[in-house]
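Subject: The structure I promised you

Hi there,

Here is the structure I wanted to pass on to you. Have a look at it first, and then read on for what turned up.

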Amino acid sequence: MHAAVHGLPHQLATGGAWTPFSMTLTNTTGKPLEEVQPFLLVSSAEDVDRPYWELETEYRDAKTGRWKTFHDAEPEDLFGFFAVGPRSTLTLQLRTRVVKDAKPGAGYALAAGDYRNRDGSCGSAKEAWYDFTILPAGAKPTQPPTTKPSEPGKPGGTAEPGQSAASGGGTGGSDSTGGLSPQGGAHLAATGSSSALPAIALAGGAAMVVGAGAVIGVRRRKGVAGPGATDVTA
């Protein structure tokens, strides 16, 4: 399985408007994946109390058409689980914006995913890490370099978000972003392996590692964990 982020600009202005982008999970095997669980983290990389709070990110639920916030949401509650057919791609519609009081500097998006089948087989996608720059308020993003970003190979079909593993769907259609109009180009900083990803240093010296079957969760629970604390779930 292969994870990727598409349409995320290389620069985002503090206090700017919502920016649409998409995430894909591609079944690179010749067999259906019955339960696919996406994971996505969009965060500042600056030395701030709560890097995850520097950006607001939302997922558009294909079943209801409503936007669901990432705030304190577990991946299974935010995305649910999807069935993805052989050589097919699951496309998720997303949007993000930088909050008005965010610290300018570096940011990143980390995409990953796990899958499991009723026969007991399971695995993880190759994680993808994309970097971007957070600009000061009022700054205008510049055009990205003309180099073409890395893209996954075109699959044989697109899974429809909102289908459960029991539906057996997600094998038809074509490769698309589900009506999304991405802006800019995704800048690939690094791609990990399905077994491990280098530790990501966050504020306060905390580090998180994504591995096969691991879950990244940075929660906004100031009231529970205390100011400046991050809750890491693995």
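Let me begin with a charged pair: Lys-68 and Asp-61 form a salt bridge, with their closest N and O atoms 3.7 Å apart. Lys-68 is partly exposed at a relative accessible area of 25%, while Asp-61 counts as buried at 12%. Please keep in mind that this is a predicted model.

The salt bridges come to five in number. Another of them joins the side chains of Glu-35 and Arg-116, at 2.8 Å from N to O. This pair connects distant parts of the chain, since Glu-35 sits in strand β4 and Arg-116 in strand β9, 81 residues apart. Both ends are partly exposed: Glu-35 has a relative accessible area of 25%, and Arg-116 has 42%.

Glu-58 and Arg-95 also make a salt bridge, with 2.7 Å between the closest N and O atoms. Here strand β5 supplies Glu-58 and strand β8 supplies Arg-95, and the two residues are 37 apart. Glu-58 is buried, because its relative accessible area of 14% is under the 20% cut-off. Arg-95 turns up once more, lying over the face of Trp-18 at 4.4 Å from the ring centre. A similar arrangement to look up is Arg-50, which lies over the face of Trp-53 at 4.1 Å from the ring centre.

Now for the overall picture. The protein chain has two helices and 17 strands, and 45% of its 234 residues are buried. Of the contacts between residues at least 6 apart in sequence, 73% join residues at least 24 apart. The chain exposes about 10900 Å², with carbon and sulfur atoms supplying 51% of that area.

Which residues have the most contacts inside the largest nonpolar core? They are Leu-25, Leu-40, Tyr-59, Phe-70, Phe-79 and Leu-94, in a core of 39 residues. Several strands supply at least two residues each to this core, among them β1 (2-6), β3 (19-26), β4 (33-44) and β5 (55-60).

Phe-79 is a good residue to centre your view on. Leaving out residues up to four places away in sequence, Phe-79 touches Gln-37, Pro-38, Leu-40, Tyr-59, Phe-70, Leu-92 and Leu-94. Ring pairs also link Phe-79 with Tyr-59 and Phe-70 into a cluster.

On the aromatic side, there are three pairs in the structure. Tyr-59 and Phe-79 form a tilted one, at 5.0 Å centre to centre and 55 degrees between the planes. Tyr-59 belongs to strand β5 and Phe-79 to the loop between α1 (75-78) and β7, 20 residues apart. Tyr-59 and Phe-79 are both buried. Tyr-108 and Trp-129 form an edge-to-face pair, with centres 5.7 Å apart and planes at 80 degrees. Tyr-108 lies in strand β9 and Trp-129 in strand β11, 21 residues apart. Tyr-108 counts as buried at 2% relative accessibility, whereas Trp-129 counts as partly exposed at 22%.

One last spot to visit is Asn-117, in the loop between β9 and β10 (122-124). Is Asn-117 buried or exposed? Asn-117 is buried, with a relative accessible area of 15%. Beyond its neighbours within four places in sequence, Asn-117 is in contact with Pro-32, Leu-33, Glu-34 and Glu-35. Asn-117 and Pro-32 are 85 residues apart in sequence, yet their C-alpha atoms are 8.7 Å apart in space.

Happy browsing, and best wishes!

Technical notes: Residues are numbered from 1 along each chain as its sequence is written. This is a predicted model: local features need pLDDT of at least 70, side-chain atom pairs count only at pLDDT 80 or more; totals for chains, interfaces and linings use all residues. Side-chain values use heavy atoms; hydrogens and water are left out. Helices (H or I, at least four residues) and strands (E, at least two) are DSSP runs, numbered from the N terminus. Buried means under 20% relative accessible area, exposed over 50%, partly exposed in between (1.4 Å probe, protein chains only). Contact means heavy atoms within 4.5 Å. Accessible areas come from the Shrake-Rupley method with a 1.4 Å probe; for residues, only the protein chains shown count as cover. A nonpolar core is a set of buried Ala, Val, Leu, Ile, Met, Phe, Trp, Tyr and Cys residues joined through side-chain atoms within 4.5 Å. A salt bridge is a side-chain nitrogen of Lys or Arg within 4 Å of a carboxyl oxygen of Asp or Glu. Rings of Phe, Tyr and Trp (its six-membered ring) pair if their centres lie within 6.5 Å; planes under 30 degrees apart count as stacked, over 60 as edge-to-face and the rest as tilted. A charge sits over a ring if NZ of Lys or CZ of Arg is within 6 Å of the ring centre and within 35 degrees of the ring normal.
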